[in-house]
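This report walks through a single protein chain, element by element, for a reader who has the sequence and the coordinates at hand.

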Amino acid sequence: MSRSKQAPDRVMEGPKVIVLHTDDQVFAFTDATGTEWHWNAGEGMRLVEASGRQPLTFFPGDHGLTIPYLQRQYPDLDLEYAKTTDLTRPILFVPFFDGTSVLIDGWHRAARAVMEGIAFLLCHELTEAERDQVIVMKIPPRPKLAPMNIKKGRRKP
């Protein structure tokens, strides 16, 4: 029996057990196709800490970060809370499948840096293998439903 070769993101694997700690945050991102991606940011930071690697430097101004942009990307962004965040704690990116990176932890820190004109933040970027370890779920785009033909008027009993 021959099997057709499937794209890597379509390969079905066995069940995956996802452990979430009570203080873990799951970040959701919707890509241009409408696919929703959910990553466990807490687990991502634990993987980085266990690796022992040093943080990198991220320059918000070089990436066009503004408060309106951050608010569009993260609608729940609380600017008052952002003013209280610890800028010494690195932000966290995952490499995305199109060659870009997605911020999964540190939106409020990034907002504070932008508001205060901070030139750079420390950051970590997960490896592709680590990214795949912290993905909680991927939800494909939902098909659009055709409109229903509804007749107006009184229903017959």
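In this predicted model, the N-terminal end of helix 1 is capped by N40, whose side-chain oxygen lies 3.1 Å from the backbone nitrogen of G42. The side chain of N40 is also joined to that of D24 by a polar contact of 3.1 Å, and the side chain of D24 makes a further polar contact, of 2.9 Å, with the side chain of R46. D24 itself belongs to the segment before strand 1. Is D24 buried or exposed? Because its relative accessibility is 13%, and the cut-off for burial is under 20%, D24 counts as buried.

The polar distances around the start of helix 1 can be set side by side.

| Atoms or groups paired | Distance |
|---|---|
| N40 side-chain oxygen and G42 backbone nitrogen | 3.1 Å |
| D24 side chain and N40 side chain | 3.1 Å |
| D24 side chain and R46 side chain | 2.9 Å |

Helix 1 spans residues 41-51, and its buried residues are A41, G42, G44, M45, L47 and V48. The cover over these buried residues includes strand 2, strand 4 (91-95), strand 5 (101-105), strand 6 (121-125) and helix 5 (128-134). Just after helix 1, G52 adopts a positive phi of about 75°.

Strand 2, which contributes to that cover, is also part of an open sheet of three strands, arranged in the order 1-2-7 with antiparallel pairing. The edges of this sheet are strand 1 (26-30) and strand 7 (135-139), and since each of them has a single partner strand, one side of each is left without a neighbour in the sheet. From one strand to the next, the twist averages 15°. As background, the strands of a sheet pair through backbone hydrogen bonds, in either a parallel or an antiparallel manner.

Between strand 1 and strand 2 (residues 36-40), which run antiparallel, there are five bridges, and within this pairing A28 has H38 of strand 2 as its bridge partner. The two strands form a hairpin with five residues between them, where G34 takes a positive phi near 95°.

Strand 1 presents two faces, the covered one carrying F27 and F29 and the uncovered one carrying V26, A28 and T30. Which residues does F29 touch, leaving aside its neighbours within four places in sequence? F29, a residue of strand 1, is in contact with T35, E36, W37, W39, F96 and V102. V102 is 73 residues away from F29 along the chain, yet the C-alpha atoms of the two are separated by 8.2 Å.

For the chain as a whole, the model contains five helices and seven strands, which follow one another from the N terminus in the order β-β-α-β-α-α-β-β-α-β-α-β. Of the 157 residues in the chain, 33% are buried, while the exposed area amounts to about 11600 Å², with carbon and sulfur atoms supplying 55% of it. Among contacts in the chain with a separation of 6 or more, 72% are between residues 24 or more positions apart.

Finally, a word on confidence: pLDDT averages 85 over the chain, and 80% of the residues score at least 70. Residues 1-12, by contrast, stay under 50 in pLDDT, and for this stretch the model has three contacts beyond four places in sequence.

Note on methods. Residues numbered from 1 in each chain as written. Heavy atoms only, no water. Pairing = 2+ DSSP bridges. Helix = DSSP H or I, 4+ residues; strand = E, 2+ residues; numbered from the N terminus. Axes fitted to C-alpha atoms, helices over the stretch in contact; angles between N-to-C directions. Contact = heavy atoms within 4.5 Å. pLDDT = per-residue confidence, 0-100. Buried < 20%, exposed > 50% of the residue type's maximum accessible area, 1.4 Å probe, protein only. Areas by Shrake-Rupley, 256 points an atom, 1.4 Å probe, with all protein chains shown as cover. Polar contact = N/O pair within 3.5 Å; in protein donor to acceptor, adjacent residues only side chain to side chain.
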